[in-house]
Amino acid sequence: MTAHPAISTTAPDAGAAQDRPAHIGHPHRRQNALRHLAGRGNFVSDMQLPRMVHAAFLRSPMARARIATLDVEAARSAPGVVAVFTAADLNPLCANWTSNLDHFSGMVSTPQNILAEDETLWAGHPVAMVLARSRAEAEDALEYIELELDELPPVCGVEAALDPGTAPAAPGLSSNLCYRNELRTEGVEAAFASAALVVQADYAFGRHTAVTLEPRAIVADFDPASGQLTVHHGTQTPFQFQDIYARHFGLPDHKVRVVSPDVGGSFGMKLHLYNEEMAAVAATLRLHRPVRFVADRLESFQTDIHAREHHVKARMALDADGMILAMDVDDHAPIGAFSAYPRTSVVEGNQAFRLMGAPYRMREYRGRLNVLFQNKVQTSQYRAVGHPIACAVTETLLDQAAARLEIDPWDIRARNVIPDDAYPCASATGYRFEKLSHQRSLEKLRELMGYDALRTEQAALRGRGVYRGIGLATFVEITNPGAAFYGVGGARISAQDGAVVRLTPGGEVHCAISVTEQGQGTETMIAQVVADQLGVSPDQVKVTTGDTDATPSGGATWACRGAGIGGETALLAGRDLARQILTIAGAVLQADPATLALRRGEVVDAATGAARLPLAEIGRIATYRPDTLPAGVDNSLTVARHFAPSGYPFGFTNGIQAAWVEVDPETGLVRLLKHWVVEDCGRIINPLLVDEQIRGGVVQGLGPALFEECLYDDDGQLLNGSLADYLVPMACEMPDIVIGHVETPTEDTILGAKGVGEAGTAAAGAAVMNAVNDALSPLGARLTQTPMTPARILAALGIGQD
Amino acid sequence: MKVTVEMVVNGEEVAELIEPRMTLADFLRDRLRLTGTHVGCEMGVCGACLVMLDGKPVHGCLVLAVQAAGATVQTIEGLSESGAIADLQAAFHDRNALQCGYCTPGMMMTAHRLLQEQPRPDRTEIRTALSGNYCRCTGYEAIVDAIAATADARAASRAAGGAE
């Protein structure tokens, strides 16, 4: 076992080392991992409460239908049944939700409520809710509900949605257009007219979904005696749901407590509002007893948000030297029958069409985005929102151009990336970049992967009929969002976070913070940051997250904001507490606090490092003998701080990925041989955790590139709603992933950290698409559709039919 | 109609009155409250519900509790308390071979069984052995590393004449 010193790695005593990071940057292990390894996780799906009832839902089997008959009487007397609810029972308890953001001008979406009232809008739309002593009995009782539906023609796919003759996907809509936007720089036509080369392609990106191993889970419990609603909810964003439950059910928010204990994967999927969770809350308000809903796997496929269905036509204009002059992108992004709440289903397309060409010195751009309604389950934000689409389109067009101009793929990127000394600057689509490191990252990747040797090996193998390919993909990632993301659009989604840090009476440290943990290591990273402000070991810092009653309010964990925003919040709170401890210590020691410092769990003389007073003594005096402090000295050992990002609206990060693959032209199978990532997330707080975020993210990007797709028939029926039919990446198919770092800290914060959680997913698919196409290039085949299944590869090779 | 089922779980004799359709995974989780065994796909694909039934890993979601009547079952809780996988757990901790932790008990079962059957697996063999364990968080490499490190350490211990 690797030994990690318990206390000894605080800053050395020499010089002005007081604020020098000692644990920031160390691969500190996760304390909370030990519980999981012992089978002592605490997931919402594990919870049992006294008198708890289990929910099951009757769902529309049709993608679009009018409810003709709904009779639940027989189900009420089925064994074990406690209650059966329809829209008439539950919807009046809940204010409608309507998805919108003011800065998406012209966006439309219709009001929604818990259970379908007159019409069902997707196959899986809940119509009735049964509550029983067990989930099995609740499911049995569903069989007794009489539901007759008049099938209506569903809207499925882009062509149908754009056809003015197609009835809208939901009542109240005038068309199937949710949102349209166009970005255009002045010189885009001239750039295309003057180009030495224009490359173009049509892309189809398959709809896929998060497939968290723990499905969505909620236990809602209303106590009418106290008026308190307690919701244990497997989510990333407890405060967002506290606000939603309070507002939509008419409760004061301090009477709503949302607790998110261990969460078995989230990836953005568990921060959206779902009918079933709202139903659980409504049901406990009716029944006055705990209501549990845990999705089974089929329900997960039918009702979890899906993501990233895009149909893109794109062109890239280049000069004779391979410099990108412009891109012209037309993206049709079909979502569900309404936009997801509270973040909208538009953000995905908005980021996809704004991130096109983002790593490069591209001056001119035209992008058109059409977000369309259809009768499938809602789509919305999922890890790396929009990034994989922008990256795949940009990077595959660039490889096409490189081939046509006979420029090496690495060279064409080196020519085009924004130079490291050109910052600050902005993209053609208006994103502002503080400081990125594309050139250094490219150089580092070349060295890391042995690019030249790999090209030599590839050529030699080709001579023997082995088709291997190298794919590169440069990317930028949006992290650390401020209020520009949602707040300015009127959404009640916090851009700020809060922390309460205190010294315990025993001289240890507790930090309660609004950012949340889903296994990425948030609590460990926060402990490291706090430890360095107080001169203690991270193991001396207990971190509490995921409870709206126990932590200050904040945005929590999404869009890669945990380290950059949560970390800075913890840093500021830690520094405030350090000042307070030193003030008390100065009073006790009759010394100027400026001559004291915190190191090794003690108050020390700042100049010599000599021990003056253990922290435990500060805790004891301030707690039990405040009477011994000089008059006027504040004995508080608890501080609270909130932090909202300012400066740049987003903290962009950058990196480059490379894939090394082998394609078997006889079977169409792709073997992933190796993958490399060089990434710059600013200050690295914990390299062990950062690398795991990158690796997991890469694999989550490789899945939809090769395997994952939610398949529908023409009637809007999901065809592969199980883990036997929907293919996820498994260990035997995944490559080893080599990671390198460049560190360019943001100057917007003291900590300097940016996000990293979505970097892997952003570019992995693009890299592997370029690699597959590189492997197939001698055979004249090229793919622009994901997932790149064996059947599609064979079809591209002219073998069989897709 | 309910039936009484008796078995030995983690060394403890248990008897419960259950519906015959109850799976072993639900029996362990809901009746015995051994919630370390997880349920992910309910069709034997994801490996989250793996437990040892008479010493061999089975999917708790595919075995009915009545089928385990009279048998000996070991869950992650029992395996952990026994100390049999302490080195494996330590290697997973060192390598951060888990994130959300939901797949981890199943990973432990697979890794434990693999190292019993094949003490020195190579990386490909480890990846193949894990082909029935789905993890959405880690990308698998750290899990492979942790199992390989455990195999190496056990081999070194054997070579040094130490007890495993």
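Helices and strands are here taken as DSSP runs, a helix having at least four residues and a strand at least two, and they are numbered from the N terminus. With that in hand, one can say that Q657(A) has its place in strand β28 of chain A, which covers residues 651-663. The model in which this residue sits is a predicted one, and for the complex the predictor gives an ipTM of 0.98 and a pTM of 0.96. Chain B has an average pLDDT of 97, and 98% of its residues score at least 70.

Let us stay with Q657(A) for a moment. A residue counts as buried if 20 or more other C-beta atoms lie within 10 Å of its own, and Q657(A) is buried because 34 other C-beta atoms are found within that 10 Å. Leaving aside its neighbours within four places in sequence, Q657(A) is in contact with several residues, among them A473(A), H675(A), W676(A) and A763(A). K542(A), by comparison, stands 115 residues from Q657(A) in sequence, and the two are 36 Å apart in space, C-alpha to C-alpha.

Another strand of chain A shows how side chains can be arranged. In a regular strand the side chains alternate between the two faces of the sheet. Along strand β27(A), residues 638-643, V639(A), R641(A) and F643(A) point to one face and are buried, while T638(A), A640(A) and H642(A) point to the other face and are not buried. This strand has a partner, since β21(A), residues 497-503, pairs with β27(A) in the antiparallel sense over six bridges. Within β27(A), T638(A) is the bridge partner of R502(A).

Chain A also contains an open sheet of seven strands, whose order is β3-β5-β1-β13-β10-β11-β12 and whose pairing is mixed. At its edges stand β3(A), residues 81-86, and β12(A), residues 256-259, each of which pairs on one side only. Neighbouring strands of this sheet are turned by 20 degrees against each other on average, direction ignored. Within the sheet, β10(A), residues 217-223, and β11(A), residues 228-233, pair in the antiparallel sense over six bridges, and F222(A) stands opposite L229(A) in β11(A). Helix α4(A), residues 135-142, packs on the sheet, where it touches β1, β3 and β5 of chain A, and its direction makes about 30 degrees with that of β1(A). Helix α8(A), residues 275-287, lies across β1, β3, β5, β10, β11 and β13 of chain A and runs at about 25 degrees to β10(A).

A further helix of chain A, α15(A), covers residues 522-534, and its 13 residues reach 19 Å from the first C-alpha to the last, close to the 18 Å expected at 1.5 Å a residue. All of this helix is covered: 13 of the 13 residues of α15(A) are buried, so the helix is largely enclosed by the rest of the structure. Just after α15(A) comes G535(A), which takes a positive phi of about 65 degrees.

We can now turn to chain B, where five strands form an open sheet in the order β2-β1-β5-β3-β4, again with mixed pairing. The edge strands, each pairing on one side only, are β2(B), residues 12-18, and β4(B), residues 56-59. Here neighbouring strands are turned by 40 degrees against each other on average, direction ignored. Strands β3(B), residues 50-53, and β5(B), residues 72-74, run antiparallel and are joined by two bridges; Q74(B) in β5(B) is the bridge partner of M52(B). Helix α1(B), residues 24-31, packs on this sheet and touches β2 and β3 of chain B, its direction making about 100 degrees with that of β2(B). Six of the eight residues of α1(B) are buried, including L24(B), F27(B) and L28(B), and what covers the buried residues includes β2 and β3 of chain B. After α1(B) follows R33(B), whose phi is positive, near 60 degrees. Helix α4(B), residues 104-117, lies across β3 and β4 of chain B and runs at about 45 degrees to β3(B).

Finally, the two chains meet in a contact that takes 46 residues from chain A and 43 residues from chain B. On the side of chain A that touches chain B, the elements that give two or more residues are α1(A), α18(A) and β30(A), and α18(A) gives the most, with eight residues. By class, that side of chain A has 22 nonpolar, 13 polar and eleven charged residues.

Methods:
Residues are numbered from 1 along each chain as its sequence is written. Chains are lettered from A and ligands numbered from 1 in the order in which they are written. This is a predicted model: local features need pLDDT of at least 70, side-chain atom pairs count only at pLDDT 80 or more; totals for chains, interfaces and linings use all residues. pLDDT is the predictor's confidence in each residue, from 0 to 100. Two residues are in contact if their C-beta atoms, placed from the backbone, lie within 7 Å. Ala, Val, Leu, Ile, Met, Phe, Trp, Tyr, Cys and Pro count as nonpolar, Asp, Glu, Lys and Arg as charged, and the others, Gly among them, as polar. Two strands pair if DSSP finds at least two bridges between them. Axes are lines fitted to C-alpha atoms, for helices over the stretch in contact, and angles run from 0 to 180 degrees between N-to-C directions. The expected span of a helix is 1.5 Å times one less than its number of residues. A residue is buried if 20 or more other C-beta atoms lie within 10 Å of its own, exposed if 12 or fewer, and partly exposed in between; C-beta atoms are placed from the backbone.
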